[in-house]
Amino acid sequence: MRVWIDVTNSPHVVFFRPLVALLEARGHEVSITARDFAQTLELLEDAGLPHTVVGPPHAGASRPAKVRTMASRLRALRSFARERGFDLALSHASHELPVAARSLRIPSSYAFDYEFARAQHGIGCRAATRVVVPDVIPQDRLTRLGARARKVVRYPGLKEEYYLDGFAPDAGVLDALGIDRGRVLVVVRTPPEVSLYHLHGNELFDGVLERLGNDASVSGVVLPRTPAQRDAIVARALPSLVVPDRAVDALSLVAVADLVVSAGGTMNREAVALGTPVYTTFSGRLGAVDEMLLERGLLRLLGRPDELQLERRAGDAQPSTRSPDVLLDLLLRARPS
């Protein structure tokens, strides 16, 4: 079987890395298309995943620019796939892939775990053959996106638990960044400022940077999403913060950190799966997955920067993992048997 995967954002790389290995081990041929956005291309290279960059880069926060860019990328995706004879298309929140696949009569699975990115998911859910989501997302929220129950396939737990199966952190990532191991290690993830569901500012996150960046007991590593975010944080010259020049092994950082503070979603859930204490500063509407984690006390909602509990973590937690074969089998259900 020929499988087409589209990767458009940094978290998609770790999601698909074990699935690509499983597909190839089962004898399938995999082709990956990618969009130039954030550290996606660097992470694909670091993971050793061959890929083809297709279409223009991310259009930024402008809605009209996003529409124009999507139209251009759809043409490029169709051109890429037209003569390749794909049997199945897979994506995680790349809403352009199911649209392109449907126009070429290729069955597709569209996965996501945050249901309030309504613009993109409304497109992806309607175009896809199957919609693959965590089992905690209520069906009524999916129906509003165009994913009726007969189209939906559900998996238990967090998507992060599946791609963390067999993961072993590399503590050498600290030495590569020049981290002082005697301080409290805090990993910080910036807000998704270019997403339509997160266009408003995040004053709380700014306060967190000031709180951590001026604390001599802290070694903070800030992982920006875009070059503009990186430049803005570096310009603040906060003495206790390190901002890497390129993509790094974020999973290993989260695994060895004492604390994670993230304004996004994926890194919050990676921290939960790895047993690292985590605060969220996400300023959009919380999805069902994060609501569940908050209810269970696995994720903490930060109200003010001074609420951060900065202390060394005792011992290493055992990661919570699941077999990626289970997730892959659900994604493959888009293809007629």
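This report covers the two sheets, the aromatic pairs and two residues of a predicted model.

## The seven-stranded sheet

One open sheet has seven strands, in the order β3-β2-β1-β4-β5-β6-β7. Their pairing is parallel. At the edges stand β3 (52-53) and β7 (152-155), and each of them pairs on one side only. Strand β2 (residues 29-34) runs parallel to β3, and two bridges join them. Within this pairing, A34 stands opposite V53 of β3.

Two helices that pack on this sheet can be described. Helix α1 (residues 10-25) touches β1 (2-7), β2, β4 (88-92) and β5. The direction of α1 makes about 170° with that of β1. Helix α5 packs on the sheet as well, touching β5 and β6 (130-134). Its direction makes about 150° with that of β5.

## The six-stranded sheet

Another open sheet is formed by six strands, ordered β10-β9-β8-β11-β12-β13. Here too the pairing is parallel. The edges are β10 (241-242) and β13 (300-301). Each has a single partner strand, so one side of each is left without a neighbour in the sheet. Strand β12 (residues 278-280) is joined to β13 by two bridges, and the two run parallel. The bridge partner of T280 in β13 is L301.

Helix α12 (residues 266-274) packs on this sheet. The strands it touches are β8 (184-189), β9 (218-223), β11 (259-262) and β12. Its direction makes about 155° with that of β12.

## Aromatic pairs

The model has eight aromatic pairs. One of them joins F15 and F16, whose ring centres are 4.9 Å apart. Their planes lie at 90°, over the 60 degrees that marks an edge-to-face pair, so the pair is edge-to-face. F15 is buried, at 2% relative accessible area. F16 is buried too, with a value of 2%.

F80 and F86 form another pair, with ring centres 6.2 Å apart. The planes are at 20°, under the 30 degrees set for stacking, so this pair is stacked. F80 has a relative accessible area of 9%, and the cut-off for buried is under 20%, so F80 is buried. F86 is also buried, at 9%. Ring pairs link these two residues with W4 into a cluster.

## Charges over rings

Arginine R84 places its charged end over the ring of F80, 3.9 Å from the ring centre. F80 thus has a place in the ring cluster with W4 and F86 and a charged group over its ring. A second case involves R300 and Y279. The charged end of R300 sits over the Y279 ring, 4.5 Å from its centre.

## Two buried loop residues

F116 lies in the loop between β5 (108-111) and α5 (118-127). This residue is buried, with a relative accessible area of 8%. Its C-alpha atom is 9.5 Å from that of A288, although the two residues are 172 apart along the chain.

D215 is in the loop between α9 (203-213) and β9. Its relative accessible area is 17%, under the 20% cut-off, so D215 counts as buried. Its side chain makes a polar contact of 3.0 Å with the side chain of R211. Another polar contact, of 2.6 Å, joins the side chains of D215 and S217. Leaving aside neighbours within four places in sequence, D215 is in contact with S240 and L310.

Definitions and conventions
Residues numbered from 1 in each chain as written. Predicted model: local features only at pLDDT ≥ 70, side-chain atom pairs only at ≥ 80, totals over all residues. Heavy atoms only, no water. Phe/Tyr/Trp six-rings, centres within 6.5 Å; stacked < 30°, edge-to-face > 60°. Buried < 20%, exposed > 50% of the residue type's maximum accessible area, 1.4 Å probe, protein only. Lys NZ or Arg CZ within 6 Å of the ring centre and 35° of its normal. Pairing = 2+ DSSP bridges. Helix = DSSP H or I, 4+ residues; strand = E, 2+ residues; numbered from the N terminus. Contact = heavy atoms within 4.5 Å. Axes fitted to C-alpha atoms, helices over the stretch in contact; angles between N-to-C directions. Polar contact = N/O pair within 3.5 Å; in protein donor to acceptor, adjacent residues only side chain to side chain.
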